[in-house]
Each structure stands twice: as C-alpha cells, then as structure tokens.
Amino acid sequence: MRQFSLFISFLLSFIFLAFLGLFGQTLTVVKGKLTDAVNSDAVPFANIGIKGKAIATFTDENGYYKLEMTKGDHVIVVSCIGYEKLEEPVNIPGDNKVVTLNIKLNPTVQELSTVVVSGSRYEQKIEESIATIEVLKARNIQSSNPTSVDQAIDKIPGIVIVDNEPQIRGGSGFSSGLGSRVMVMVDEIPMLRGDAGRPDWGFLPVDDIEQIELVKGASSVVYGSSAITGAINIRTTYPKSIPETKLNTFFGIYSKPQRKYTTPWSGFNPLQYGVSISHLQQFDNIDLSVGMSYFDDQGYISGVPEAASDTAFNKGEFIKRAKVYFNARVRNKKVKGLTYGLNGNFMYNESAETYFWYDADTNIYKSYPGALSYFKVFSFYVDPYIKYFDAKGNQFSFKNRVYYGNTFATNNQSNRYTTMFNELKYSRKFSKLGELTLVAGIMNAYSHSEGQVFSGILASDGTTTANQSGTFDSENLGIYIQISKKFFKRLTVEAGGRFEYYKIVDLTESKPIVRAGVNFQAAKGTYIRASAGQGYRAPSIGERYITTNSGGFGFYPNPQLQSETCNSYELGIKQLFKIGKFAGMLDFAGFYENYWNYVEFNFGVWGHGQIDKSIGFKFLNTGPAQIYGGDFTFAGEGKLSRNLDLSMLLGYTYTIPKATKPDEVYYANFETSTQKTRYYTYANTSTDTTNNILKYRIQHLVKSDFQFTYKKRLSAGITGRYYGYMKNIDIFLYQLDTPKAMHSGIVKYRQEHNGGNFIVDFRIGYVFGIFKVSMIVNNLMDTEYSLRPITIEAPRTTSLQVLLNI
C-alpha cells in the first residue's frame, strides 16, 4: 500500500510537469500591471479583454498582463471578482512599439465583495454559489482573541462544536471527536487526523487566517469522504506589498462558577495566558510569513475528589501548547505564472482531558475516577506545492501534505500516525465559451496508524480482541470534475461528479457520486439557488478499531463498521442590499437530507474481548435517517454615521434529525455476563423518542455578533449564542444514574436544565497608535451549562489583550 501511494505521488508529479510544457506564453504589444486602487497591491488572475472581440487574457500571479492588439482605438475591459468592472479606452499606434498601460481597480463595497473558493474549488462571488456558504473574516476572528480555531468557528451560524465534533445542521451527534462528518481543511488541504478522522483544533493556525469558509450540506463531490454534511476551509494569509509584524499577548483568569460551592479549586483562581508573534513580508519575488505562539491554560476542571486506584493522573485539566509556523512562496522570474512554495506548522502540546464529571452537584467541576487522561503530543505538517497559471487562463496546482503526530497518553491511549496527501488540480475559465469554468483533479491520501488506542480486531469466534501492534493503514483515491456555465449573465448552471476509492483492512469499495445545481439572479441583488447532491463517508481507523477505557467504561472496536451515504437537497435565496454606506445580505435556505447506514456512537453493554470494562461505547451503523429544516443569516457592515461603524452577523438554524425506522434492529450483541442476546434499536436506546429525534442533537441554534467602532479607535462588541435543549441521549446513561453504578446525577440535572442555554460574550478595545488594548469577557453571565451530557462547559473568563501591529 505504501508503494501504491509513492506510485501515485510520482505519477501526479509526472503529469503536472508534462502539462507545464503544453502551454506557452504569447508576446503582445500591450502590457502593464493591474493593482488595487486602495492599497496598490497586485491583482492576480483578473480577466482582461477587448470589447467586442473574442480576445482575452489574464493577469499573472504578480498582476502583470500582455495582450495582442491591432492598430486603432479599442476599449479594454477588466473584470475580477471583488472589484468593480472597468472599461479603459486605449489607442494603439501602428509603429509596432510596445504600449505600457497600468490599470487600477476599485474594490466593490464591503460584504458585496466577499469571494470564496470552497463552494466549487474556484474563486466566485458568494452570492453566485449553488451552496450555502458562511464566511468569517480575519477582523471578526481577531476581535475576540480565540485561542484555538474552534472558538472562532463557534461564531458562525449553523454550526456547533460538541466535544470536538463539528455539527452542521444537526448532521452529526456525539462521537468523542472520532470520524468527523465535516471535512476540515487548511488552504483546501484536509487537516483531519489520519487515525481518528478528526481535527486537532489547537494545532490549526489561528494567528494568520485570512478568512474561514463554511460550506453547509453534502460536499463529498467537491472534497471527498468526510465532507458528507459540509466542509470548513481555513484560508491563511500571505504578505502584501507593505511588511507587517504582529505581537499578541493576553492574560486571563477564570471566575468561580455560578454555584460557588461547586468551585473545584482553593486559593487563587486558575489562569490563561499566551503570546504570539508573526511577520509577513515580500522579498522581491519571495513571499514569507513566519510566526510562533505559546498558550497556557490552567483549566477549570480538577482531579477526582479522592485518589482512585485507576487514576494514573489526577492534577485536573490543563493545556500547554507551543507552535512554530511558516508560509513561503516563490514567484518564478523566468517562467511567468509559475509559483512554488512550502508551508509548515510544528506543535508540542501537553494537556489533560476528562470524559465525565464526578456528579452534577458539588463535584460537577471535578473529574470522574479514571476519566482523566494525560497527553503529550508532537505533531507537524509540511505542504510543498507548485502552481502554474498562463495567459490563456489555464491553472494547474500540485498540492501535497505530510501530516505526522505522535501521542503519549495514559489510559492506553498512546498512538502514532502519518498521513500523506497529494492532489493535482486543473481549472480554466473559457471566456470564448461564455463564462464556462472547468475544474478537474485527482487526489490520493494514505494514512498509517499504530498504537494502543486503535488496536481492535475481529477474532475467529466473531468477538473483538486486541491487535498487539495496533497497526492499520487506509488508502483513499479520488477523481473529480466540475463544470460551471453562465447563461444570459444571470443563470449559473453547475454539475460535477467524483469517483471515490477507499480501502481499510478488509473494507474495499469504490463509489461514484454526483451533484448539480443552479443559481439565478432574479433581480438586482437577488439570487435564488437550488442544488442536489450525494454524500459519502468511509469510516476512520479510529471508529473501526478504537480499544481503550475511561472512567470505568470501555470504548469498543467495530471492525465490521461500513460506510454511510446520503442524498442532499437545498433551496435558498440570498438578497444583497445597501442602505447609505451600510451593505449586507439576507439569506434563507431550506434543506432535506436522506442517510443510509447512518453511523452513531452508541452506549451499551458489550462485555467481551480484552477490554476490562463490560459497558461503554461502540460505533454502529444504525440504519436510515433523515434531516431537514431551515436556516437564516443576516450579515452586514458599514457606517451608521460619520464616526460610527457597525459589523454584524446574525443566524438561526432549526433542524429535525429523525430516525426513519425507530423499531428496526440495527445490532445484536451476545452478552457473556447474562448469556443472552441484546437487540439494539433506536426506540430501546433513547431517553426521548418523541418525533424520533436522533440522539445528541441541538435542534435550535442561534448565533449573533455585533461590533461597533467609533472613530476607528474605540470598539465594543457583543456575541450571543443560544443552544437549544438536547432532547434525546442514550438511555443507558439514565439507567446508570444510581448509587450502585455511576451516579452522575444526569437525570436530575437534565430535568432542571431543559430550556436551552444562552451564552453572552463581551469585548471592548481602544487603539493607541500601533497598540490595541482590549478586555474580553467570555460567558459574561457566568452561566453554568452543558452541551454534551456529563461534561460541563467553562465558567466566565476575563482577559486583557495587548496587540501590537507594525
């Protein structure tokens, strides 16, 4: 399998180099540079043509262009996403001399200029996409000083992160962070761990983000397995013409919980503090971004009240994390349009995490015996890449990533993994064919995992046991194509397909999937979209082979776990508007999804194999399911008065995730302790079967963020998040809530906290020259709340941030 991956890598490299020789540069008589009229930065990949003639070219990576023109008067037409269209008259003399024409483009107004790449793998205006896309820009991220990317993503409407698992429109429940149904990427390259199939939120870049793009709905055709409910693309920034240095430092403190008697510490309250520094600069034809950061969180969860025999670590939760990262890009001087570079990120992390609270009363901020695990992690990724863009609009990119992680952990959770990713992509916008865009590519991902935590295999008697080496490999190959065509300057039609091949031990399968959609501009600023697509997700190594325990409960492997598929449908409308100097958009969408072989993390009595706990969790295919609902987003920014600016984001999502066959037996397990077979159905494993709502789902989700800025110096912002009540969870957690068993207090706690939770964050800052000083308060009301049952979220934290920007 390793040889196959190396073969694919060499094959993609050969194909890419072969393509480079097919497309040459054409000398012309008109040349110049296209720049931004506001900041003088180069505008790459803009379309430049001659009005009334089928002649066109594109600016290169540095904004330069060449265009062959005949003698006489002409009108040059320049267009680029995010800028106002420009028509520039030019006279071409007949003396064969080269004419130099430098052009400046004016950016379009605020929200109307949002450009995304995640919807269809090429740059497009957000309002012209066939999918629902949310965008969080750098200024919105920096204002709240998130210490990890998930805290920034939590601002975006339509998504909630429960126990490290991103849930888009209720598409997934509690899974202990394994086997994400959302593809998480950095610069369009997957960032899910090769073993667990999950993102490491603390590892992802947070200091050098340009914007975060969230695609809602099945995106498997675009990004393959794991994008069955959507995708998150984190776009990092590159230096502009002016060098920039940023130093960010902060110091914070936890408040005592709302119920003071539950405070788990004595003496001084635990602290949070951190520092990061980054520098971005262009050196002739080299773009370089470098940075480093350190973060220390003393945590708000303590160890167990008394030392337990199965507790190897009892100092409570904490995080210590150090990172070094860089982006380097070279713009080749000899071959115009050719760029290549290397990006990287290195992290060392020490932390402790607990899986359950001790009880729901006095000890709610203390760990359950044996549920606290200690981790030491070293991980890194390096991304060598090469891109080529010619004057005819042909774009080639060859992206690669090596992602490595080595984890030492208590509770038999140590592991080591390596993932190699390669992708060759071609795209072109055919101007002569009336704005037809083609995107096609081939990708390969190989993952290797070894260690204790993922070591379960199927024994000859049908039970699961432990593979001593814990060594597993997975292979994924994808081939995709998408075509987008604009008709009558208003109607965009898009269609695409993908062929997926996946192999993990005895599971080998191939799957073709398709999607199609339309976007119609019905009136000025009004865009109606409709789409239908298929989703596919293969199980991760972790879901199939997890073998560990925590807090007296086992995590059982299921080597027979199968892939899941879905059909996804969406109808939406987006309205852009501008009132004075305030611009924004309203978006409404309805969605409907059907799933087959739906994978859920089930609590039950398993009691076999070499795991020394008789009850715990296992991933199972639970049969068919459907999810439908709607969401609404209102976003805008601009001036309310001469000195007062407002940026706002408001969203609401309502989902109905249902089991369509609640009485169907999806798993039968022979229990050695009782010598009986237990049959598992949705109905007999749920605490609340009303309307057959799936377990661990938040049906009502509200997000809001308002930022006011006065005279570009004084700013104040407020963020609100409403999480609806999680109606249905595993019934076994209720059955274990007795003095002789776990006695977590979950039954009483959920009865007393059944109205959802509204969390408010507040921030205020002032700019002193090159300094910005801010006070940030998260969970302003010090609300006690739980998203995943038997875990408690953080009480209020108050931080002082000092940001230096040179």
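Trainee: Why is Arg788 called buried?

Mentor: The structure is a predicted model. In it, Arg788 has a relative accessibility of 3%. Buried means under 20% relative accessible area, so Arg788 counts as buried.

Trainee: What makes the contact between Arg788 and Asp163 a salt bridge?

Mentor: The N to O separation between their side chains is 3.7 Å. The rule asks for a side-chain nitrogen of Lys or Arg within 4 Å of a carboxyl oxygen of Asp or Glu, so the pair of Arg788 and Asp163 qualifies. Arg788 lies in the loop between strand E46 (771-778) and strand E47 (797-805), while Asp163 lies in the loop between strand E12 (159-162) and strand E13 (165-168), so the pair ties together parts that are 625 residues apart in sequence.

Trainee: Why is Asp163 called partly exposed?

Mentor: Its relative accessible area is 27%. Partly exposed is the class between under 20% and over 50%, so Asp163 belongs there.

Trainee: How do you know that Arg139 and Glu637 form a salt bridge?

Mentor: Their closest N and O atoms are 2.5 Å apart. The limit is 4 Å, so this pair also meets the rule. Because Arg139 is in helix H2 (residues 138-142) and Glu637 is in strand E39 (residues 625-639), the salt bridge ties together parts that are 498 residues apart in sequence.

Trainee: Which of the two classes, buried or partly exposed, applies to Arg139, and which applies to Glu637?

Mentor: Arg139 has 42% relative accessibility and is partly exposed. Glu637, with a relative accessible area of 10%, is buried.

Trainee: What makes Asp645 and Lys639 a salt bridge?

Mentor: The closest N and O atoms of Asp645 and Lys639 are 3.4 Å apart. That value is within 4 Å, so the pair counts. Lys639 is partly exposed, at 30% relative accessibility.

Trainee: Which residues are joined into one network by salt bridges that share partners?

Mentor: The network consists of Glu134, Arg169, Lys216, Arg529, Glu570, Lys574, Asp587 and Asp631.

Trainee: How many salt bridges does the rule give?

Mentor: The count comes to 36 salt bridges.

Trainee: What describes the protein chain as a whole?

Mentor: The protein chain has 7 helices and 47 strands. Of its 806 residues, 59% count as buried. Among contacts between residues at least 6 apart in sequence, 67% join residues at least 24 apart.

Note on methods. Residues numbered from 1 in each chain as written. Predicted model: local features only at pLDDT ≥ 70, side-chain atom pairs only at ≥ 80, totals over all residues. Heavy atoms only, no water. Helix = DSSP H or I, 4+ residues; strand = E, 2+ residues; numbered from the N terminus. Buried < 20%, exposed > 50% of the residue type's maximum accessible area, 1.4 Å probe, protein only. Contact = heavy atoms within 4.5 Å.
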